[in-house]
Amino acid sequence: MASSKIVCLGGGPAGLYFALLAKKRDPSRDVTVIERNAAGETFGWGVVFSDETLSNLLDADSVTCKAITDQFAHWDTIDVHFRGETIRSVGHGFSGIARRDLLCILQARCRELGVKLVFGHEIAATDADKFSKEADIVVACDGVNSKIRAARSAAFGTTFERGKAKYIWLGTHRVFDAFTFAFEENADGLFQAHAYKFDDETSTFIVECDEASWKNAKLDAMSEAESIAYLETLFARHLKGNSLLPNKSTWLEFVIVHNEKWRDGNVILLGDAAHTAHFSIGSGTKLAMEDAILLADAIDQHDDVIEALDAYEAERRPLVARTQRVARGSQRWFETVGRYRKTAPLDFAFNILSRSKRITYDELKKRDPKLVAEVTAAFAKDASARLGETISPTTPPMFVPLKLRDLKLQNRIVVSPMCMYSATNGTPSDFHLVHLGSRAMGGAALVMTEMTDVSAEGRISPGCTGMYAPEHAAGWRRIVSYVHTHSQAHIGMQLGHAGRKGSTRLPWEAGEDAPLVDGNWPLYAPSPIAYRPKNQVPRAMTRADMDLVKAQYVASTQMAIACGFDLLELHYAHGYLMSSFLTPLSNQRTDDYGGSLENRMRYPLEVFEAVRAAWPNEKPMSVRISASDWVDGGFTSDDAVVVARALKDRGCDIIDVSSGQTSPSAVYEFGRMWQTHFADQIRHEAAIPTMAVGAISSEEQVNTILVAGRADLCVLARPHLKNPNWTMFAAENQGFMIPWPHPYELGRTFRSPK
């Protein structure tokens, strides 16, 4: 747009920065910023920028960037104070500036470029209507409590997600020389401080705690001054005689703002009015100013206002969603930090550094190789003590052995159970021999069969494998023998029953969950509820049905023993029979097997007890569970902890933690390592080893998960479909030697001639 009138309702970093960029790029534009506060008045203390953000600001407007960086307080260290120890990590590259100073710089640059600044104007809900008639573009950037957004919430599709923790934003004249995380525990609970300097005299000091600790300390009934006095005593050793400074500071819950749309007519949301990201990743101001850059780009590139605003949103929304996902992971970590209170300080420090997935094992090795060497050695030392043997302190974590009962796994990689739909009447074929045999030779410590059904009626499809007929056992015995003869891998059998998700066509014939055209078999479930409207309605199980299926599990277990399997896993996830008992979405029984979680898990526990009694005591058992339905009112991760504890009490050795696939209504939060936090929660709160699944695709992700203590094994599916030798290549990438099958040794050192 060559010439236009722009009004920014809100004079925070988003509005000011967009205004100056828009005016700089086209001086003929009429740009006005309207702010409710007086000039120089602000709330809050300092803001943080990463080195990456500074690069974006430099490209957008070097004058503003220089003015900001001239006032920066720089540091590249992070200190973690936990259980009386301090762990320092270097190489992180952050800068801080007082929020007041940042606003003054942006205001001065706006004046220099000819932007009109109006202060002391209380923004009203009707301002958008008024200015949208007078201006080409109205930018609603009036913060997290935006009145403009509230007035048009239906149009924007606004929703809020309130955090579980309480926090208060303070300052102090203690000047920290590192970004500091300080954890203090007293009789009231666990409290954490996020502290960083932003000039030569002052630091931000944010205190956060869970609601129980907040109430135990009676902070909910205290005034601002009383809260500060309590916190000064609690964090005295970190403040070193300095007081805490208020700035209209109150205890809050962090609110994540979501909007289905950012544009309504010619009104566009920007900054916190459009989206928020938890303060623990220091991205609020970064997001606001990067919003401004891309919006300025969009109005330069499009002549039509609506096209420009829509193009901006299309480009910007995925980038914001990625940051919000990272921030949500970090927020979740701090909200549940109490589960790590017994963790060793060094492990705790790595855990906090890697909490948001932005810093991985490999990334931290680039920044702080000394710290990574220390946590790697500590991981090996801990395993050495458990195994009663010496593990080299330089061993990559994923190649540190793990013992479950008498089963010793040579590394931490598991080939995931993956349904291949390639059996004939339940019998595994040459395909399964090659499929599982090749992956066993590829270096993984454990390969798992696909869900193998305990009866013909328990199959998902006609192509599913079974363990209920002599020919099935013969086929599996052949595969187990191959794995044991030709590899160092162990092999596990996963037993299951499809329940209401059975009697479907092969997925490549008609998509997932499509019922058979003919030849359907009867389905069992806790309640007569079809998985999808197109699927058949199952029969609610009677006590006799339950006894029959339990007996089938035991019979299949005895066959698995005869085949020589090393580990047995029961499939209690993904909406299959046992999973459908656990979740209230499909279990609506009114007898002793429905209603409360205690009742819903009764039958799955009965089956586990029967199978555990049949399975050899020296061999381990695992159970795969869906740790969340991803549906409001469904099975939750807290429920999963209760189930995991009950399974542990009955002899389960490790929980294979997946999620979802229990309801077509599920709404997932996909991303790399996206289900790992469930394994983390169960591992710490139920005190049982776990396997992590969900878009784990690289050795650095595996090492990150293991060293952070989020899981004990990593289960990979698609990477092993793409490359059966994934583990061997992961070892080579890390310069670590693992055994190769003897006939393949010549390939280890092969390099293509130049």
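This report walks through the aromatic rings of a predicted model and the charges that sit over two of them.

## Aromatic pairs

Let's start with the overall picture. The count comes to 30 aromatic pairs in this structure. A pair of aromatic rings is described by the distance of the centres and the angle of the planes.

## Phe205 and Phe235

Take Phe205 and Phe235 as an example: their ring centres are 5.5 Å apart, and because the planes meet at 80°, over the 60 degrees required, the pair is edge-to-face. Phe205 belongs to strand 12 (residues 203–210), while Phe235 is in the loop between helix 9 (224–234) and helix 10 (236–239), so the contact ties together parts that are 30 residues apart in sequence.

Both partners are hidden from the surface. Phe205 is buried, with a relative accessible area of 1%, and Phe235 is buried too, at 0%.

## Trp333, Tyr340 and their cluster

For a contrasting geometry, look at Trp333 and Tyr340. Their centres lie 5.4 Å apart with the planes at 20°, which is under 30 degrees, so this pair is stacked. Trp333 and Tyr340 are both buried.

These two residues also belong to one aromatic cluster, in which they are joined by Trp75, Phe82, Phe179, Phe181, Phe183, Tyr196, Phe334 and Phe348.

## Charges over rings

Finally, two arginines are worth a look in the viewer. Arg174 places its charged end over the ring of Phe176, at 4.3 Å from the ring centre. Likewise, the charged end of Arg317 is found over the ring of Trp262, 4.6 Å from its centre.

Note on methods
Residues are numbered from 1 along each chain as its sequence is written. This is a predicted model: local features need pLDDT of at least 70, side-chain atom pairs count only at pLDDT 80 or more; totals for chains, interfaces and linings use all residues. Side-chain values use heavy atoms; hydrogens and water are left out. Rings of Phe, Tyr and Trp (its six-membered ring) pair if their centres lie within 6.5 Å; planes under 30 degrees apart count as stacked, over 60 as edge-to-face and the rest as tilted. Helices (H or I, at least four residues) and strands (E, at least two) are DSSP runs, numbered from the N terminus. Buried means under 20% relative accessible area, exposed over 50%, partly exposed in between (1.4 Å probe, protein chains only). A charge sits over a ring if NZ of Lys or CZ of Arg is within 6 Å of the ring centre and within 35 degrees of the ring normal.
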